[in-house]
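Dear colleague,

I am passing on the structure we talked about, and below it you will find notes on a few places that I would like you to look at while you read.

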Amino acid sequence: MIENFELLGFNFHAWITILTVLSMFTVMLFTKLRSDLVFLFAVAILFVTGVLDAKEAFSGISSPAVITIGVLFVVVSGLTHTGVLQYITKYLLGQPDSYAKAVTRLMLPVALLSSFLSNTTVVALFVNIVKMWAKKLNISPSKLLIPLSYASGMGGVCTLFGTPPNMIISGLYADKTGHAMNVLATTIPGLFCLAVGILSVIAMRRLLPDRKAPESAFESTGEYTVELQVPSDNPYIGMTLGEAGIYHIKSGSLIKMYHFDDIPNPISEDEPIMGGDHYVYAGQIDEIIKMAYDHQLVSADHHVFNTSELDKYTKLRTAYVSFGSELIGKTIGDSTFEKDNDVMLAAVSRSGERIKEAPREVVLQAGDTLLLLCPSNFKTNTPALSNKLHFFDSDDIPNIGYGTIISSVIMIAMVVLSALNVMPLLQCAFLAAMGMLIFRCCTPDQAMKSINWDILIVFAASVVLGLSIQKTGIAERLATGILDVCGTNPIVVMTAICLVGTFITEFISNTAAGAMFFPIMYQAAEKLGYDPFPFLIALMVSVSSSFATPIGSPTHMLVYGPGGYRFSDFMRIGLLMNIIILVANIFIVNIVFPLTPLP
């Protein structure tokens, strides 16, 4: 009975697949669930309901494209830990004398690096460099950070391993046809779109916001707000604020206090000091901290510790609340964040302006910038912090030396051998990863930690989802539907599918978009009677062209906080960029790869 079920031309298994994919879209759009778990649940549903058998459901794990991505993580680890990226950036940016030259000097090297390395890695490296460089050039960082993110995405398109969708689509193409794409197949279209993108950013620079950098709110030492507490062993308990000398302080003032839940208003110097009191001071940070140390006041999150702990807070670190952070919608005061991570919140900035209320009472939003007092041995790259905050500076400062040259030679050899078809990319990647370990460009621990298992799970599941869309006939039906609407003009059909792909990738992973649209584009090309290769090249560029929302790419999320951006800032320039790059993409692909009828 179930086998004979059919509705709107789709059978029972096809509807299971459609509902699963739509549910994935919905969950990823409106919840904060991890994408790897969402994809795993989707594969589990397809397996349990019989849409896929065991071999098909687990085929993603053994996919050459997925394995290649995992091995390339090790190669990138070697490049990162030997300082290749830092060496390149040190000598490429220079001192341009105009905005147009600055954008060009920034976007070209970023795109070049992103062609071979993780986009996220490159942008994370450049964020601090661009902020310092912008200050040196007297340009707002917000005028450069969006172009930075755009360049990483457009540069990643230029090689098959520069961005995940390229790897997935090329891998699916090889599985389907038995022919592997050249590693530089997307280079000319990618470079053309990059050139168009750079010119477009320069032409539309007035659409880029002129925002204050969030940390600029912290540059004036008189703008800090610090919340402190009286520990139970404080010797000043029983005195008044005036007698203890903490009512009037040098270069600052007491703006709020409370005895447990009792808030004296107005505050007078005759208020008695009680154990557990909270005081909120605004003023010069070093003077406030000195006063806190002299009077044995501690972080407001601690209740029984004495002031010996204050010695641990020896440096200031800035971080922003990332999208999907567990801190969004919460206050630091209502959480155990400070105590769990041994830090003290000094101030909060939003859109470049310091929030004047007590920092621990601020309801945090994505993009908020936090100023934290941290111990000297504080580490920013712990798992407990990675899903909450993104720090502006990094603990991993590599040494540039002999290893830098070795890792560079290994990377170049990998690219050349693969590009000349001496051996497949997977074998080249394995040899490069072995070279990085043998020549100690990275340690085995660093190599294993560099592998992003979350991304690999998404990749593997994407392969399986693409298989189910094709197996159940959905791809063929959608391709037929597109042909019915768009006619039989191959360029119109290519444009229509790329347009939908560009829109979808603004809201979900570009990897997922690539895997889902591959069978649709492939089937559409075959039904038109043309070789699918040019269609798939255009698809690769499209699903990596997400410019209009900050959630469209992880790199957008990396620059959102440091740039002091608002959500609408990306839409103002991004919608036009989507259209411009789509037109450039369709134009150049059809020039470089003329449509060829199937034999």
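Helix α21, which runs over residues 510-528, has 19 residues and reaches 26 Å from its first C-alpha to its last, close to the 27 Å expected at 1.5 Å a residue. Please keep in mind that this is a predicted model. Along α21 there is a kink of about 35° at F517, shortly before the proline P519, and just after the helix G529 takes a positive phi of about 85°. Because 17 of its 19 residues are buried, α21 is largely enclosed by the rest of the structure.

A538 is the next place to find, and it lies in helix α22, residues 533-543. Is A538 buried or exposed? With a relative accessibility of 0%, A538 counts as buried, because the cut-off for that word is under 20%. If its neighbours within four places in sequence are left aside, A538 is in contact with M494, C498, N585, I586 and V589; of these, C498 is 40 residues apart from A538 in sequence, yet 7.1 Å apart from it in space, C-alpha to C-alpha.

N585 and V589 also appear in the contact of α24 with α10, where they are listed with residues including M577, I580 and F587, while the α10 side includes I188, P189 and F192. The residues of this contact divide into 14 nonpolar, three polar and no charged. The axes of α10 (residues 187-203) and α24 (residues 567-592) come within 9 Å and cross at roughly 150°, and the crossing is right-handed.

With best wishes

Terms used: Residues numbered from 1 in each chain as written. Predicted model: local features only at pLDDT ≥ 70, side-chain atom pairs only at ≥ 80, totals over all residues. Heavy atoms only, no water. Helix = DSSP H or I, 4+ residues; strand = E, 2+ residues; numbered from the N terminus. Buried < 20%, exposed > 50% of the residue type's maximum accessible area, 1.4 Å probe, protein only. Contact = heavy atoms within 4.5 Å. Axes fitted to C-alpha atoms, helices over the stretch in contact; angles between N-to-C directions. Left-handed = near helix turned anticlockwise from the far one by under 90°. Nonpolar A, V, L, I, M, F, W, Y, C, P; charged D, E, K, R; others polar. Expected span 1.5 Å × (residues − 1). Bend = angle between axes of the 7 residues up to and from the residue.
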